[in-house]
Amino acid sequence: MANIVIGTAGHIDHGKTTLIKALTGIDTDTTKEEKKRGMSINLGFAYLNLPNQQRVGFVDVPGHEKFIKNMVAGLPGLNLILLVIDASEGIMPQTKEHIDILNLLGIHHFLIVLTKIDTIDAELKELVIEDIRDQLLHTPLEKAEIIETDAISGKGIKQLLKKIEAYTEQTSEQVSSGTPRLNIDRVFSVKGFGTVVTGTLLEGELTVGENCYLYPNKRKVRIRNLQVHENNVQKAYAGQRTAINLANITREEVTRGDVLSTADSLEESWMLDVKVTCLAGTDGGINLWDRVRVLIGTKEIMARTVPLGLDWIGPNEEGFLQLRLEEKVSVKEKDRFILRSYSPMHTIAGGEVLNAVPKKHRRFKQAILESLKAKENGNLNSMIIDFMLNKKQPFTVEKELLAYLGVPLDQLSHSLEELQGKNQIFFTSCGFLLYERYQQLAGKAQKILEEYHKKYRLRDGMPLEEFRSKIRNGLTEKEVFVLIQLLKKFNVIKEQQKRLSVYDFQVQFNSYQQVAKQKIERYLKNSGYMPIKKEELALLDKNAEEVLEALDATSAVFLTHEYVLSGKIYQQAIQQIQTYIKKNKKMTLADFRDMTNSSRKASMLILESIDKLGITKRVENYRILGKQEGD
């Protein structure tokens, strides 16, 4: 069965606490101050076993205007709201504010409970019900069922229980997926046990003995014991009201509003990007740098408002805001919140977190507005693309997406397959790469190589290692390798002799350079196996030095930075060496010298160059074939 938590809402003295006591037998006014004042100040909790054996939790939220923040703290995780209205008074100002808050927090399941029904006659009752219906027009409660009750006489209590039971049977069980997270709404100490916190487990599962973290400040704690509805349990599930006995922390080190999670990577932020709906009756709307109270989770924080894409957000209007907070928070995308004015305090707006860890934005930047719209629409494919487009690193692994989006693995996998099918993302050994990010990297690669070609017109490309260092910018070695393979696959670049160039680049010699090229090639050919110094070749023609750079690894090979050999002779030497070693198993320097009729120094230069290519391998005073030929 589903884990059901029911909340009450309504004006002070309209009978919320008495109603819960009539339903459950539990008095949720527990403090001396509450008893003295005759009203709820803090959140009250109770539970009830229904005839169908379903156990439901109740959260009695304060009704007095001064305790609105306590009321909002009790709402996250609630499945059903009982809007309590005194039959003799009808809808009061505080009732209206509660309705606005419930609407802004996205709560849609309601029962209207008309209390103290025995205190009025039938005619007045009909007038009150008619007035309630009129005032609830165009709100989520306009079609909510009204149950008439009197907690003193017991009238309507059984009918209300049947309605609650019917609701539980129609409610599907909440999947306990995602990283466990609980907003702490109460903290106290129990003698002999220590610190206890309570809250509604929003997602995931908690287990006795498990290590957790308290945010903000990421304080490590351990779960010593768990209780659900006053019963010890080994595991608590998403949707359950949970009491948690924590080890390794004192009562004074925990505050209501803290977040408990098993994740050690829950991010903390001083800012939030949000979508808000401004209430119709709000004077002045929301302007740049207004100071407001943000009620989110079980926490109240002061913040400044920065409208995005608009000069201001007027009454009864929607818009994007960046909230600049005065304290750190640890929240997630899709969390809902309430905005209240600083002074005098009243509810002005509410909405949903779109980016829990944003950067500061320019107010009218189009790319930011488009990103927020994608998050608002909630389309999973769009959200994946937006995340991959705006994160710092271009490659994204599945684990990052799961943590950010909080969706089941099969749902994420389906979207990723769909995006791959549309060629909007690539799958690589380093993770997923968005096509737009690939295009950005491809553009950067082209620019790097084009600048190199412009500077060195007669070189056939940039050395591979030089390119890797210029393109890296935070990429790992493996990511650079994968990127280069993609760039080659899509004909953005080409590789020759460990040099990279733009795909369609070709070295082009003018007539003077052609003459120098012929002189160099002829001179090297005539020199045979005798390497020639670079300075000697440069004397052949005024263009020789520049042309020689362009010939490297083609018709001329630099054995060292100083000595050059004919490219044709070099390849011939490689073939002779491979043939000789295959026949004789090994070859000495003297063997090669005799074979080529060259000097000892020349032979050593050529052999050491071929060793570096891995074609041969020196062992003591002889050479064998390297892995390239020997495997």
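Me: What joins β24 to β25, and through how many residues?
Reply: In this predicted model, a hairpin makes the connection, and 2 residues lie between β24 and β25. The two strands pair in the antiparallel sense over 4 bridges, and within that pairing phenylalanine 427 stands opposite phenylalanine 432 in β25.

Me: Which sheet are they in, and what's the strand order?
Reply: They belong to an open sheet of 3 strands, ordered β23-β25-β24, where the pairing is antiparallel. The edges are taken by β23 (395-396) and β24 (425-428), each of which has a single partner strand, so one side of each is left without a neighbour in the sheet.

Me: And how many bridges hold β23 to β25?
Reply: There are 2 bridges between β23 and strand β25 (residues 431-434), again in the antiparallel sense. Threonine 396 is the residue that stands opposite phenylalanine 432 in β25, and phenylalanine 432 is also the residue opposite phenylalanine 427.

Me: Which helices lie across that sheet?
Reply: One of them is helix α8 (residues 380-390), which lies across β23, β24 and β25 and runs at about 90° to β25. Helix α13 (residues 477-489) lies across β23, β24 and β25 as well, running at about 125° to β24.

Me: How many residues of α8 are buried?
Reply: Of its 11 residues 8 are buried, so α8 is largely enclosed by the rest of the structure. The buried residues are Leu380, Asn381, Met383, Ile384, Ile385, Asp386, Phe387 and Met388.

Me: What about lysine 399, buried or exposed?
Reply: Lysine 399 counts as exposed, because its relative accessibility is 71% and the cut-off for exposed is over 50%. It is found in helix α9 (residues 398-405), and its C-alpha atom is separated by 9.9 Å from that of glycine 431, with the two residues 32 apart along the chain.

Me: Changing topic, what's the strand order in the sheet with β26?
Reply: That is an open sheet formed by 3 strands in the order β26-β28-β27, with antiparallel pairing. Here β26 (462-463) and β27 (493-496) stand at the edges with a single partner strand each, so one side of each has no neighbour in the sheet.

Me: What links β26 to β28, and which helix lies across them?
Reply: β26 and strand β28 (residues 499-502) run antiparallel and are joined by 2 bridges, with proline 463 standing opposite arginine 499 in β28. Helix α11 (residues 435-455) lies across β26, β27 and β28, and its direction is at about 100° to β28.

Me: Now helices on helices. At what angle do α1 and α6 cross?
Reply: The axes of helix α1 (residues 16-24) and helix α6 (residues 157-170) cross at roughly 80° and come within 10 Å, which makes α1 roughly perpendicular to α6. In this contact, Leu19, Ala22 and Leu23 in α1 meet Ile157, Leu160 and Leu161 in α6. By class, the residues of the contact of α1 with α6 are 6 nonpolar, no polar and no charged.

Me: And how far apart are the axes of α17 and α19?
Reply: The axes are 11 Å apart, and helix α17 (residues 567-584) packs against helix α19 (residues 600-612) at an angle of about 80°, so that α17 is roughly perpendicular to α19. Tyr570, Ala573, Ile574 and Ile577 of α17 make the contact with Ile606, Leu607, Ser609 and Ile610 of α19. The contact of α17 with α19 has 7 nonpolar residues, 1 polar and no charged.

Me: Where are there cis peptide bonds?
Reply: One of them runs from tyrosine 215 to proline 216, with omega near -5°, and proline 216 is placed in the loop between β11 (211-215) and β12 (219-228). Another joins serine 343 and proline 344, with omega about -10°, and proline 344 lies in the loop between β21 (336-341) and β22 (347-355).

Me: Which residues have a positive phi without being glycine?
Reply: Among them is glutamate 230, with a phi of about 70°, which sits in the loop between β12 and β13 (231-233) and counts as exposed at 58% relative accessibility. Asparagine 423 has a positive phi of about 60°; it lies in the loop between α10 (409-421) and β24 and counts as exposed at 52% relative accessibility.

Me: Last one, how many disulfides are there?
Reply: A search of the whole structure finds 0 disulfides. As for individual cysteines, cysteine 278 counts as buried at 1% relative accessibility, and cysteine 430 counts as buried at 13%.

Terms used:
Residues numbered from 1 in each chain as written. Predicted model: local features only at pLDDT ≥ 70, side-chain atom pairs only at ≥ 80, totals over all residues. Heavy atoms only, no water. Axes fitted to C-alpha atoms, helices over the stretch in contact; angles between N-to-C directions. Parallel < 35°, antiparallel > 145°, perpendicular 65-115°, else oblique. Contact = heavy atoms within 4.5 Å. Nonpolar A, V, L, I, M, F, W, Y, C, P; charged D, E, K, R; others polar. Pairing = 2+ DSSP bridges. Disulfide = S-S within 2.5 Å. Buried < 20%, exposed > 50% of the residue type's maximum accessible area, 1.4 Å probe, protein only.
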